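Hi everyone, thanks for coming. I'd like to walk you through one structure today, and I'll explain the terms as we go. Let's put it up on the screen.

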Amino acid sequence: MAGIKSLAKDTAVYGLSSIIGRFLNWCLVPLYTVMFPAAEYGVVTYIYSVVALVMIVLIYGMETGFFRFANHDRWKDPMEVYSTSLISLAVSSSAFLIAVCAFIGPISGWLDVPQHEDYILMMAVAVALDAFTALPFSYLRYAKRPMRFAFLKLVNIALNITLNIFFILVCPWLWEQAPGWIAWFYDPDFGIGYIFLTNLITSALNLVLLLPELRGFPYRFNGRLWREMIAYSAPLLVLGVAGIMNQTIDKILFPHLFVDKAEAMTQLGIYGANYKIAIVMVMFIQAFRFAYEPFIFAKSKDKGEDRLQSYRDAMKWFVIFSMVIFLGVMFYLDIIRHFISSSYFSGLKVVPVVMIAEFFFGVFFNLSLWYKLTDRTAWGMWLSLFGLAVTLGLNFLLVPKWGYMGCAWAAFGCYGAMMVASYVAGRVNYPIGYNVPRLAFYFLTAMALWAFSEVIAIEAHPWLTMVIRTPLLALYVLMALRLEHVGLRDLIPGRSRNK
């Protein structure tokens with residue numbers, strides 16, 4: 001139980017930066033949806049979908065590889081692992097930037113922004129910087145310094161929010177009142193370009209703030225170590241590419257699959273804005289992942305049943321907290337929906353589908369520990385490729401018929417299939433003994449409460465509906481605590497009991 005408490009504490013700290021950060025970025029969605037038409041927001045959604053894919057390629061599994069080899073008995077010096085990884089990422093990120101500059105014309109044309117090569121150049125530099133700084137952030141997690149990790153993330157987020165507000169709200173107002181003050185740097189026609197410029201500035205700040213993590217040790221490149229890390233991480237690269245494509249390929253393909261080509265970017269903007277509402281589930285999963293990966297590799301050194309029980313407990317509490325988040329969003333969607341412009345409300349129906357899909361992905365991540373701990377990362381590659389095949393098939397089948405709802409259901413089918421396949425493979429290769437009936441009970445009970453809440457909803461009185469639904473959420477939380485023999489007093493810091 002002590003290990004789970006440590007995992008929960010680290011998840012909470014990492015979640016501070018992840019959840020608060022994503023929440024504040026989430027608060028930018030109404031700004032974007034009010035200031036820019038859906039077609040322009042569709043361009044932002046499209047470019048960031050491609051960026052997410054490129055980011056995975058540029059990191060090529062080095063984060064997980066670093067955790068594995070820094071904890072490996074064969075390599076006594078973790079800093080040699082760290083420096084080898086840093087040099088590798090520095091070289092590959094630099095090569096990426098050179099390639100983008102050399103082929104900027106064809107790339108901007110492929111991304112449907114041939115008149116805005118500057119968008120692509122800004123994002124290329126930002127992505128290269130983010131790929132390199134991903135490892136210092138991983139080092140902070142390895143060194144168990146979640147407070148510095150959270151501080152750096154929050155500083156970055158604060159600058160991102162400030163610059164977005166400055167460029168998108170303050171500068172247009174100043175342009176009308178006193179254009180001479182800002183004419184030397186501000187162009188009112190640059191529009192969504194300021195979103196990308198803000199991203200570039202914050203990525204550069206990341207590098208500056210992480211300089212202490214890049215100094216104070218000798219830089220050594222161990223070729224043998226690097227080859228072993230690449231061999232370990234290569235399947236993770238394929239896994240990561242397939243995984244991020246499962247998340248973004250719907251948005252990349254949508255303009256090409258949607259029947260009305262002229263309307264495609266507008267519909268993609270609506271889908272992208274409503275997808276942001278479901279980001280609450282993604283926030284929790286990301287915070288959990290930051291804490292869970294170092295946790296499982298540290299626990300792998302333990303022996304006996306306690307180690308397996310820690311993995312079971314982690315899965316159980318992940319499911320419980322995920323379902324609390326799902327119910328919270330769905331019960332209070334009438335409030336949460338106002339984070340986007342009312343002109344985007346037609347896409348709200350994707351929210352529950354996307355949230356459950358992301359929950360399936362979180363369970364899949366929990367299950368993935370078996371092939372990471374046994375160095376059989378090829379399994380992760382094959383499972384992700386399987387999911388990608390499901391995603392592609394369902395998108396090609398459903399998007400022409402259902403539009404962006406086809407994207408949502410494709411994600412649901414993809415992550416559900418990956419979750420089931422990983423569980424079946426894990427039972428054979430690294431049985432952990434999850435209490436599946438108990439996990440299914442928590443999931444199905446949450447679904448039943450959500451269905452009941454829809455039945456009792458009073459459409460004309462949304463506030464009354466939310467008041468009625470609140471006891472249902474409290475009932476779920478109390479039921480879970482009772483079944484797990486956790487009292488309310490145990491939730492108070494400093495008064496927890498060891499189980």
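Okay, so buried residues make up 55% of the 499 residues in the protein chain. Buried here means under 20% relative accessible area, exposed means over 50%, and partly exposed is in between, with a 1.4 Å probe and protein chains only.

Before I go on, a bit of small print. This is a predicted model, where local features need pLDDT of at least 70 and side-chain atom pairs count only at pLDDT 80 or more, while totals for chains, interfaces and linings use all residues. Residues are numbered from 1 along each chain as its sequence is written, and side-chain values use heavy atoms, with hydrogens and water left out.

What is the secondary structure? It comes to 20 helices and zero strands. Those are DSSP runs, H or I of at least four residues for helices and E of at least two for strands, numbered from the N terminus. As for contacts, meaning heavy atoms within 4.5 Å, residues 24 or more positions apart account for 82% of those in the chain with a separation of 6 or more.

Let's zoom in on two helices. The axes of α3 (residues 38-59) and α7 (residues 117-142) come within 9 Å and cross at roughly 35 degrees. An axis is a line fitted to C-alpha atoms, for helices over the stretch in contact, and angles run from 0 to 180 degrees between N-to-C directions. This crossing is right-handed, which means that the near helix is turned clockwise from the far one by less than a right angle. Who makes the contact? On the α3 side you'll find I47, Y48, V51, V54, M55, L58 and I59, and on the α7 side Y119, M123, V127, A128, D130, A131 and A134.

Just past α3, have a look at Y60, in the loop between α3 and α4 (62-70). Most residues other than glycine have a negative phi. Y60, though, has a positive phi, near 40 degrees. Y60 is also buried, with a relative accessible area of 12%.

Now for the rings. Rings of Phe, Tyr and Trp (its six-membered ring) pair if their centres lie within 6.5 Å; planes under 30 degrees apart are stacked, over 60 edge-to-face, and the rest tilted. How many aromatic pairs does this rule count? There are 35. Take W409 and F412: the ring centres are 5.2 Å apart and the planes are at 70 degrees, so the pair is edge-to-face. Both sit in helix α18 (residues 404-429), three residues apart, about one turn of the helix. W409 is partly exposed at 35% relative accessibility, and F412 is partly exposed at 26%.

Ring pairs also link up a cluster, including Y48, Y119, F166 and W175. You may remember Y48 and Y119 from the contact between α3 and α7.

Charges can sit over rings too, if NZ of Lys or CZ of Arg is within 6 Å of the ring centre and within 35 degrees of the ring normal. K153 lies over the face of F137, at 4.1 Å from the ring centre, and K251 does so over Y275, at 4.0 Å.

Last stop: K401, in helix α17 (residues 378-402). Is K401 buried or exposed? At 62% relative accessibility, K401 counts as exposed. The C-alpha atoms of K401 and F258 are 8.4 Å apart, with their positions 143 residues apart along the chain.
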